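Q: Please take a close look at a single part of this model. Set it against the chain as a whole.

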Amino acid sequence: MDEVNDELLKRITSNKSQPPGRNFRVERPLDSSSAPPLTLDCSPPQVTAWLNAKGFSKPTVECLGNLTGAQLFSLNKEELKAVCGDEGSRVYSQTTVQKAQLEVCITCTHTDT
């Protein structure tokens, strides 16, 4: 009986030291941090690239992709919802985040000089 217990103990401890191989892959959406930055100076093709990188639908990209960065930033939430439907709220949220990041960048450059 002691031999059986010893063998069982060896198998348990050897399994712990070598975890079983895992054969799976995690699919991740496009990393939004790798999206091109959206600025006031962006041209329509740059706005289109930003919208695509953020994963917006084709109709939204087609509606807003002909705007400059300044024009896109000037739209409020209701205007975006009127043009893009429910996705307008998400566009507004993403542009608000982008504006905040730009303001932080501007503040940093002014305090560094």
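A: Glu87 is the part examined here, after a short outline of the chain. The model is predicted: local features need pLDDT of at least 70, side-chain atom pairs count only at pLDDT 80 or more, and totals for chains, interfaces and linings use all residues. Residues are numbered from 1 along each chain as its sequence is written, and side-chain values use heavy atoms, without hydrogens and water.

The protein chain has six helices and zero strands. Helices here are DSSP runs (H or I, at least four residues) and strands are E runs of at least two, numbered from the N terminus. Of the 113 residues, 21% are buried. Buried means under 20% relative accessible area, exposed over 50%, and partly exposed in between (1.4 Å probe, protein chains only).

Glu87 belongs to helix H6, which spans residues 87–112. Its relative accessibility is 19%, so Glu87 counts as buried. Beyond its neighbours within four places in sequence, Glu87 is in contact with Gly55, Phe56, Ser57 and Thr60. Contact means heavy atoms within 4.5 Å. With Ser57 there is also a polar contact, side chain to side chain, at 2.6 Å. A polar contact is a pair of N or O atoms within 3.5 Å; within protein, one must be able to donate a hydrogen and the other to accept it, and residues adjacent in sequence count only if both atoms are side-chain atoms.

Across the protein chain, residues 24 or more positions apart account for 46% of the contacts with a separation of 6 or more.
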